[in-house]
Amino acid sequence: MEIPERDQEQSPQEKRNAPTVTKEKWRSHALAKLERGYVLIVGTQRRTANFYQPGKGYEMCAYNVATQLIKEGSVVKAYDHHLGTAYGLAAGAKPPPPPKTPAPKPPKPQDEMEALLDELIEDEGDDEASDDEL
């Protein structure tokens, strides 16, 4: 039995894209959350990780980023939770750097026609000045 050509084109394996968020961005996001009072809950039975703050609820965290934070000592065990182990921000953990302000955008370059018109206008102004002198 043959697979129709249109089904072959839409194969999910062919359309895979690289992740758009890097591990470093996830790490800085996680540290920022922990700095604001969230705890990181890492599952003991499953490969799950969540942020939790009373009144705000649960938010997802990448499991591999959570385990990286544990290995590097950025978080310390706070207490046991029914979903796993809760971790808080370590005292010596380096907080993420403040967001960079974007550099000012360079002025919009003029296209050639506008530049030529500006030069022509400047040249006409010089000619009028020399006529006034005579």
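**Tyr58 and its partner**

I started with tyrosine 58 and looked up how much of it is accessible: its relative accessible area is 41%, so I noted it as partly exposed. I'm working from a predicted model here, not an experimental one. Next I checked tyrosine 52, which is partly exposed too, with a relative accessible area of 22%. That value sits just outside the buried class, because buried means under 20%.

**Aromatic pairs**

How many aromatic pairs are there by this rule? I got two. One of them is tyrosine 38 with phenylalanine 51, and I wrote it down as edge-to-face: 6.4 Å centre to centre, with 80° between the planes. Edge-to-face fits because the planes have to be over 60 degrees apart for that label.

Why does this pair tie together separate parts of the chain? Tyrosine 38 is in the loop between α2 (23-35) and β1 (39-43), while phenylalanine 51 belongs to strand β2, so the pair links parts that lie 13 residues apart in sequence.

I then went back to tyrosine 52 and tyrosine 58. Their ring centres are 4.5 Å apart and their planes meet at 35°, so I put this pair down as tilted.

Are the rings of the edge-to-face pair buried or exposed? Tyrosine 38 is buried at a relative accessible area of 7%, and phenylalanine 51 is buried as well, at 0%. I also spotted lysine 33 lying over the face of tyrosine 38, at 4.5 Å from the ring centre.

**Gln53**

Still in β2, I moved along to glutamine 53, which lies in that strand (residues 49-53). A glutamine tucked away made me look twice, but its relative accessibility is 17% and so it counts as buried. What does its side chain reach? I found the backbone oxygen of arginine 36, at 3.4 Å. Leaving out residues up to four places away in sequence, glutamine 53 touches Arg36, Gly37 and Tyr38. So there's tyrosine 38 again, the residue I had in the edge-to-face pair, because the glutamine contacts include it.

**Ala49**

Alanine 49 is also found in strand β2. It is buried, with a relative accessible area of 4%. Which residues does alanine 49 contact, apart from neighbours within four places in sequence? My list has Leu40, Ile41, Val42, Met60, Cys61, Ala62, Tyr63 and Ala66. I looked up the last of these separately: alanine 49 and alanine 66 are 17 residues apart in sequence, yet their C-alpha atoms are 6.6 Å apart in space.

**The sheet around them**

I stepped back to see where β2 sits. It is part of an open sheet of five strands, in the order β3-β2-β1-β5-β4, with antiparallel pairing. The edge strands are β3 (57-60) and β4 (75-81), each pairing on one side only. On average, neighbouring strands are turned by 35° against each other, with direction ignored.

Zooming in on β2 and β3, I counted four bridges joining them, and they run antiparallel. Phenylalanine 51 stands opposite glutamate 59 in β3.

Last, the helices. α2 packs on the sheet and touches β1, β2, β3, β4 and β5 (84-89), with its direction at about 80° to that of β5. Helix α3 (residues 63-72) packs on the sheet too, touching β1, β2, β4 and β5, and its direction makes about 110° with that of β1.

Methods:
Residues numbered from 1 in each chain as written. Predicted model: local features only at pLDDT ≥ 70, side-chain atom pairs only at ≥ 80, totals over all residues. Heavy atoms only, no water. Helix = DSSP H or I, 4+ residues; strand = E, 2+ residues; numbered from the N terminus. Buried < 20%, exposed > 50% of the residue type's maximum accessible area, 1.4 Å probe, protein only. Polar contact = N/O pair within 3.5 Å; in protein donor to acceptor, adjacent residues only side chain to side chain. Contact = heavy atoms within 4.5 Å. Phe/Tyr/Trp six-rings, centres within 6.5 Å; stacked < 30°, edge-to-face > 60°. Lys NZ or Arg CZ within 6 Å of the ring centre and 35° of its normal. Pairing = 2+ DSSP bridges. Axes fitted to C-alpha atoms, helices over the stretch in contact; angles between N-to-C directions.
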